[in-house]
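Visitor: I'd like a close look at a single part of this one, starting from the charged pairs on the outside and working inwards. Take your time and explain your terms as you go.

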Amino acid sequence: MSVMSKRSDKFRTKKRDQSPYLFHFIKGSAAEAEKILKTILSEKRLLSKQNDYICFTASPITQVGGFFETLVDRTGQPMYQPYGIGFSRDILIRDFGAKNVIYGDEKDARKMYECGLGWRFLKLDVDEFDFEWLREWRTPGKVLDFSGFPKEQMIVIAPT
């Protein structure tokens, strides 16, 4: 374990709002989410059909319950289902290029896209579009192959 990891671990043990894992939760109905999780675990990869990045939350596992209760206005369904997978934060950062999302306005967006960091940007409008509470992190690319990820550094999330 590197010095940085030891410092990170020490910090996270003293701060209850910090997590040693980044979690990826699944959208859709409960039946769809269960099927998708089984596919993810079988194929050992996460796929993004819409974006050039894979999304995670840095929220501690003890605080994610609200994700499953927050309803999406247009569908009336929960934003996420209680199906997902957690990965060691440190390994995702070091080996997979995970970075925290940067929230900002349109001017910030232009700058981020111009320098090739658009995948890290999310609009922030406190009146209309504010998802900062998700504590979102992302890895670049449409596919995250975790076949070589140490199993002891992963957590599978499911209702049962």
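Guide: Let's settle one term before anything else: buried means under 20% relative accessible area, exposed means over 50%, and partly exposed is in between (1.4 Å probe, protein chains only). What you have here is a predicted model, where local features need pLDDT of at least 70 and side-chain atom pairs count only at pLDDT 80 or more, while totals for chains, interfaces and linings use all residues. Residues are numbered from 1 along each chain as its sequence is written, and side-chain values use heavy atoms, with hydrogens and water left out.

Now the charged pairs. A salt bridge here is a side-chain nitrogen of Lys or Arg within 4 Å of a carboxyl oxygen of Asp or Glu, and the structure holds six of them. One of these joins E34 to K38, with the closest N and O atoms 3.5 Å apart. Both sit in helix α2, four residues apart, so about one helical turn separates them. (Helices are DSSP runs of H or I, at least four residues; strands are runs of E, at least two; both are numbered from the N terminus.) E34 is partly exposed at 35% relative accessibility, whereas K38 is exposed, at 54%.

Another bridge joins the side chains of D95 and R94, at 3.1 Å from N to O. D95 is partly exposed, with a relative accessible area of 48%, and R94 is exposed at 55%.

The pair I'd linger on is D52 and K142, whose side chains meet in a salt bridge at 3.5 Å, N to O. D52 lies in the loop between β2 and β3 and K142 in the loop between β8 and β9 (143-145), so the pair ties together parts that are 90 residues apart in sequence. K142 itself is partly exposed, at 37% relative accessibility.

K142 has another partner to look at. S48, found in the loop between β2 (45-47) and β3, touches Y53, I54 and K142, not counting residues up to four places away in sequence. Contact just means heavy atoms within 4.5 Å. S48 is buried, at 14% relative accessibility, and its side chain has polar company. A polar atom of that side chain lies 3.0 Å from the backbone nitrogen of N51, and one lies 3.4 Å from the backbone oxygen of Y53. (A polar contact is a pair of N or O atoms within 3.5 Å; within protein, one must be able to donate a hydrogen and the other to accept it, and residues adjacent in sequence count only if both atoms are side-chain atoms.)

R138 gives you a similar picture on strand β8 (residues 136-140). R138 is buried, with a relative accessible area of 2%, and a polar atom of its side chain lies 2.7 Å from the backbone oxygen of W119.

From there, step inside. A nonpolar core is a set of buried Ala, Val, Leu, Ile, Met, Phe, Trp, Tyr and Cys residues joined through side-chain atoms within 4.5 Å. The largest such core has 20 residues, and L22, L46, F56, F87, L92, F146 and F149 have the most contacts inside it. At least two of its residues come from each of β1 (21-26), α2 (30-43), β3 (53-57), β4 (81-88) and α3 (89-96). Apart from it lies another core, of nine residues, including F23, V64, F67 and I157. As for F149, it touches F87, S88, I91, L92, F96 and M154, leaving out residues up to four places away in sequence.

β1 is worth a last look. Six of its six residues are buried. Y21, F23 and F25 point one way, while L22, H24 and I26 point the other. In a regular strand the side chains alternate between the two faces of the sheet. β1 pairs with β4 in the antiparallel sense over six bridges; two strands count as paired if DSSP finds at least two bridges between them. Within that pairing, Y21 stands opposite S88 in β4.
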